[in-house]
Every structure is written in C-alpha cells, then in structure tokens.
Amino acid sequence: MRRRRAAVAAGFCASFLLGSVLNVLFAPGSEPPRPGQSPEPSPAPGPGRRGGRGELARQIRARYEEVQRYSRGGPGPGAGRPERRRLMDLAPGGPGLQRPRPPWARPLPDGAPGWPPAPGPGSPGPGPRLGCAALRNVSGAQYVGSGYTKAVYRVRLPGGAAVALKAVDFSGHDLGSCVREFGVRRGCYRLAAHKLLKEMVLLERLRHPNVLQLYGYCYQDSEDIPDTLTTITELGAPVEMIQLLQTSWEDRFRICLSLGRLLHHLAHSPLGSVTLLDFRPRQFVLVDGELKVTDLDDARVEETPCAGSADCILEFPARNFTLPCSAHGWCEGMNEKRNLYNAYRFFFTYLLPHSAPPSLRPLLDSIVNATGELAWGVDETLAQLEKVLHLYRSGQYLQNSTASSSTEYQRMPDSTIPQEDYRCWPSYHHGGCLLSVFNLAEAVDVCESHAQCRAFVVTNQTTWTGRQLVFFKTGWSQVVPDPNKTTYVKASG
C-alpha cells in the first residue's frame, strides 16, 4: 500500500511539473505589447494592497521611460508593426493547451503607459529579423532554465537551427510577488515584461561578438493578456565553473579574454559606460568557446551621482573601494570598476593562472592582482590580456623555456597509435593525454617532462589559436596507417 501511495504521489508531481513547463512555454508567457497601445483603466485595488494602482503605474512608467532612453534614435530600417500569433500554437495539441482565463485577471492600472517600440527588424545587423513565422513547426522544445523574471527554452527551427526563446515566467517570483501585492495580473505582466523588452533593446544596441545575438521576436495574444512577446536569440551553453576548471588553460584563457573584450566594449559603448548589476556566471553563456553575456535586464548605463567621495563607495562582500567624485558630480568610472572587480572575483582569479605555461604566469599574476586591487581600468586589462594572447599564439613564450632534448625521435608519417594512452591534466580528451603545442620542439619537451611518455602523435587538428593537437602515448607496440597523423617515437631509452 505504501509503495502504491508513493507511486501515485510521484505521478501527480511529475504531471504537475510537466503542466507547469507547458504553461510557461506555450501559454503566451512572453513580452511587451505593441507600440502605441494605450493603457486601460483598472478598478481600485482590494484592501491590504500596498501602494495600490498608482504605485504599480509609477513602476511601469519608470521602466517604460528606461527602455525609451535606451532605444532612442528609433527603430532601424524595415521596422514595422510586429507580426502576431499565438505561441500556444507551437504545442502539438494546438489551442487545446490554452490556459483558462484566470478569474483574478484585471485590466491595467490607471496611468500606466503603453509599450515603447521594439527594435526594428533591420537594425543594425545584416539579414532579416526572425518573426512569428519562424516559430511555426518548431521541434524539440526543451526547458533550459529560469530566473527571477524570465524562463528560457531551446527549440529547433524547421531549417534545423537551434535557438533560444525567452519569455516572462508566469510562475516566476517577479510576476507572482507583484500579483500578490497589487492583484492586477495584466499590469504585473507588463511590469515584468518591460525587463525583457529592456534586454531586447540592449542586445540590439550593444551588438558585439561577446554579446548574445538577438535574432528576432514574436508578439502574440493570450486569453487574458494581449500582445505578449517572445524573444528569439542565439543559443549558448550555461557557464559551469566546475567544468571549466577541468578544461585546458588555453580554453580558460579564451573565456577571460572574451570577458576582457566584452568589458572594454561596455565601458565604451554607444550608450555610455554600461555596468552589469547582476554579474554572475549564470548571466553568461558559451558559444563555440566564446563567452557571451545573455542577461542584460539588470544592466545600467547611468553613473552614480555624488557630492563627494563618500558617495562613491563600491561595495563587495570581501572589501570596499572608494572612488573619486568628479567635478561634474559623478563617481568616476564606477560602472567600469564594478564590472572589472566582478570579473576578477568570478572569473580571473579561478581561470587565469592555474596550469598556465610557466613563462606566462608572472604576467597573468599581474593581471589578477591588478584587477583585484582595481589598479587598472578595462583598457589596460584588455591590453595585457591581448599581450598574453600574442605571446602564446606566436610562440614567444617558449623562448628560454624549452631546452634541446638529447633524446632522438623517429618520425613515422601517415600513422597513428590507436591505444597505449595515459591521462594527464588538463587534457582535451578525458581518456588520454591530448594537448596543444606550438611546434615540434614543444611536443618533444612535453613528452620529456612526462615520465610515462614514449611517443606522441601529431594530428591535423588545431585549437582556436592555431596550435596543433598532439596525443602523448606510453609506447608504440601497435602503429597503424592514418593519412591525417604523424607519429614520433623515442629512438632509444
């Protein structure tokens, strides 16, 4: 009997979880209504709701004006009224998955502004903007994750490309807490959705190789909320720090270099110096090894006003910094410095120095120490990261670090050693020792430094810096033909 009850309970929980995911994805849990839509009056809030409809309208207007500031200059060429459809139509069951109208859904509060225009299809990147038509007949919908406001899903378009869909999470904390306070579902949705629209505008205005690409958007109606929006973006992999610590130094350095380039772009963006108030690894994704920021709804452009340096204290859990107050009444470089210290404490200190080439460690230690003390700005930090890249890519870091070996190696072209692997760390291959080298001399040096190495196989594969990947082996008892590899075995010893 107990087993039966447990099975029933487990089945009920699984059904509830699946239903919740489908409701968030296929109900129009997305975004901001069309431009030009006028606010609707709302009845007075019920007793016990703090601030009432006036407070909710004030918050909506504040977010509306923030989005307007970031989107000034108007939509790009080809902008027009966004295409509309129901995201619920993506469900295999079609309209059968629509939510019933919640009994507590009410119109918008008095004084709430309409929606600002969304970014135009032609601005500023090449290629047509994806719209609702691109979301017809998608497949493989998978829940990726959710935060305070938004939920993210992965889908595959009819052409085979995988993209991410972002929508306001109807079960999320942001919307739920607002509804509990004000009791106005449509107004609360609009308040939450302005964060998604803000992110949409910033993705468009801050285009950069290390900013997630915005592919398009789709407006659609729900039963109780008209003109919700889903954004369509580039798909990336979550940043898992534990996994990153197990990868090669070259790949970890690439992430830090990507971050340095991103912070330089944010410090000198067309909007001014942009700071990421919510700066954690989960706000970033990896796309083909490059780090990209994906979550921009908590970004801020305005510098902090001040009357003196006492107003310019940059606070972190471990320490604080006091920055100068400029003659114009703004804390000098606070946005830039906040980003830089967060990059130090979340990324640089863990990813930069460990298992780096010995000759590069002094320079890498300088970067970590300078950013940890905020002794450098983003310009100098990026310059030093680019210097490390140049030294590494050009092979200059090998000068005076590789001694000529007395051991001779026999070259065996068009061949490989299929087995006789051993493990080393960090390696590109978990079952063997696969490392990148600048040239043959470095490969010999690596083999000589490993006690178990008796041979190595040079492949025709290269890393992002152009370095060749080499397998290191314990012996060469079985050598087989392979036109894409060259084997080197110790001639003696």
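Is Y217 buried or exposed? Y217 is buried, with a relative accessible area of 8%. Keep that residue in mind as you look through these views of a predicted model.

**View 1. The whole chain sets the scene for the close-ups.** Welcome to a chain of 493 residues, of which buried residues make up 50%. Its secondary structure comes to 10 helices and 17 strands. Take the contacts between residues at least 6 apart in sequence: 73% of them join residues at least 24 apart. The accessible surface comes to about 22700 Å², and carbon and sulfur atoms account for 52% of it.

**View 2. The largest nonpolar core has 73 residues.** Look for L259, F279, F284, L296, F347 and L352, the members that touch the most others in this core. Helix α6 (residues 249-267) supplies the largest share, 10 residues. Domain 1 (129-235) and domain 2 (238-398) both contribute residues, so this core lies between them.

**View 3. F284 and its neighbours come into focus.** Leaving aside residues up to four places away in sequence, F284 touches V239, L259, L262, L276, F279, L291, K292, V293, T294 and F347. Try finding each of them in the structure above.

**View 4. A second, separate core holds 16 residues.** Among its members are C424, C447, V470 and F472.

**View 5. Y217 and Y219 form an aromatic pair.** The chain has 17 aromatic pairs, by the rule used here. In the one shown, the rings of Y217 and Y219 meet edge-to-face, with 5.8 Å from centre to centre and 85° between the planes. Here is Y217 again, buried at 8% relative accessible area. Its partner Y219 also counts as buried, because its relative accessibility is 0% and buried means under 20%.

**View 6. F316 and Y341 make a tilted aromatic pair.** Their ring centres are 4.3 Å apart, and the planes differ by 40°. F316 sits in the loop between β11 (313-315) and β12 (320-322), while Y341 belongs to helix α7 (residues 334-351), so the pair ties together parts that are 25 residues apart in sequence. Both F316 and Y341 are buried.

**View 7. Four aromatic residues gather in one cluster.** Which residues should you look for? They are W249, F253, Y392 and Y397.

**View 8. A charged end sits over a ring.** The charge belongs to K473 and the ring to F471. How far is the charged end of K473 from the centre of that ring? The distance is 5.2 Å.

Terms used
Residues numbered from 1 in each chain as written. Predicted model: local features only at pLDDT ≥ 70, side-chain atom pairs only at ≥ 80, totals over all residues. Heavy atoms only, no water. Core = buried A, V, L, I, M, F, W, Y, C linked by side-chain atoms within 4.5 Å. Buried < 20%, exposed > 50% of the residue type's maximum accessible area, 1.4 Å probe, protein only. Helix = DSSP H or I, 4+ residues; strand = E, 2+ residues; numbered from the N terminus. Domains from an automatic or database assignment. Contact = heavy atoms within 4.5 Å. Areas by Shrake-Rupley, 256 points an atom, 1.4 Å probe, with all protein chains shown as cover. Phe/Tyr/Trp six-rings, centres within 6.5 Å; stacked < 30°, edge-to-face > 60°. Lys NZ or Arg CZ within 6 Å of the ring centre and 35° of its normal.
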